[in-house]
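I opened this entry to look up how the aromatic rings are arranged, and how far their residues are shielded.

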Amino acid sequence: MILHPGVLALLLGGLISMAMLCGGALLGLRIARHWDPHGAEAEQLNLERRAWLVAVLVRWAIVFEVLSLFLFVYTADIIHPLFVGAMCATGTLNANPVGWHLIWIKLLLFLLGSLWLVVNHVDLQLPDAPLTRFKFMILVPLLPLFAADLILMIRYFSGLEPEVITSCCGALFSTDGSGLASELTALPLRPMMITFYSSAFLYAGLLFLCRYRRGQGWRLLLALGAAAFGMISLASVVSFIAIYYYRLPSHHCPFDLLQSHYYFIGYPLYICLFGTLLCGLVPLLLVLLKRWPVPVSLIDRLEKHWINAGIVFLVGLLILVLWPMVFSSFTLQAYF
């Protein structure tokens, strides 16, 4: 195992978070079983105090898990000089293929954990806490994912061997290779650019429509649009967005964007991408919460905030994508 501060922070934070989540889930189930929002007995008052404490512990554990996605990618990138043949996070992940499974688990936990934080925030806004039973019950199906994240993280870092020669992005993101990365690299440029900007336009339209129109159907369509736009955007990063920043038509790596050579542009790029994706999912969740005694005015206010944030993130993403195309002399015209 590599005893790097980032590695130790991830493992220690993962262990503490898992302990907090397990304890919180067990106590939460006990609270949910006896919870009575209309009760005034001493037992109910005691449950309310415990529920607040448990929610705080679980919230900080999930916050760490949400942020660990970026910490993991940063750590994978920063330790790449320890491996022969690695030039970025791609080489570090290739040094132990478990890392590729781990990064997808962390992305899923980023979205699901963030949605749980939204539910918890809504619940804490109301004096009778009507979502207490629900938010603690949904911790149970989340626990296996958090456990898988911790187990894979231990397996990944414990399996890293500095003496192993690894391949990097030049081999993985190559049109001559095989697999998903090579298929994304081989996508034709002009159709991918048209698909990306068309999907961004449609997604922006859905955000504005949901800002002024009510109805669960529109929110479901927005969530589906967000998921589709997220997948198209990730494919576009590999296909053409990265190329414009590298100014090298054969360089498609999505991780080199995180390095200082490119002014760490990958961090704001991915924050905007995943931010607008999350903001497109939250309105559907908020509409579903109307099944509980939650004031419609609160749901509408929070929904508008999230939709506005989604628009801001989307605009930020489009600015970052267009910037090197507009203000750089580099062009891919010959490759269209």
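I first fixed my terms for exposure: a residue is buried under 20% relative accessible area, exposed over 50%, and partly exposed in between. The model I am reading is a predicted one. With these cut-offs I looked up Tyr197, which has a relative accessible area of 25% and is therefore partly exposed, and then Phe240, whose relative accessible area of 0% makes that residue buried.

I next looked up ring pairs, and I noted that the structure holds 17 aromatic pairs. One of them joins Tyr197 and Phe240, with 6.5 Å from centre to centre and 45° between the planes, and I entered this pair as tilted. Tyr197 belongs to helix α9 (residues 189-212) and Phe240 to helix α10 (residues 216-246), so that the pair, 43 residues apart, links distant parts of the chain.

I then turned to Tyr244 and Phe330, where the ring centres are 5.8 Å apart and the planes stand at 85°; planes over 60 degrees apart count as edge-to-face, so I entered the pair under that heading. This pair also links distant parts of the chain, since Tyr244 lies in helix α10 and Phe330 in the segment after α12 (296-327), 86 residues apart. Both Tyr244 and Phe330 are buried.

Which residues do ring pairs link into a cluster? I found Phe196, Tyr197, Tyr203, Phe229 and Phe240 listed there.

Last, I looked for a charge over a ring, and I recorded Lys135 over the face of Phe136, at 5.5 Å from the ring centre.

Note on methods: Residues are numbered from 1 along each chain as its sequence is written. This is a predicted model: local features need pLDDT of at least 70, side-chain atom pairs count only at pLDDT 80 or more; totals for chains, interfaces and linings use all residues. Side-chain values use heavy atoms; hydrogens and water are left out. Rings of Phe, Tyr and Trp (its six-membered ring) pair if their centres lie within 6.5 Å; planes under 30 degrees apart count as stacked, over 60 as edge-to-face and the rest as tilted. Helices (H or I, at least four residues) and strands (E, at least two) are DSSP runs, numbered from the N terminus. Buried means under 20% relative accessible area, exposed over 50%, partly exposed in between (1.4 Å probe, protein chains only). A charge sits over a ring if NZ of Lys or CZ of Arg is within 6 Å of the ring centre and within 35 degrees of the ring normal.
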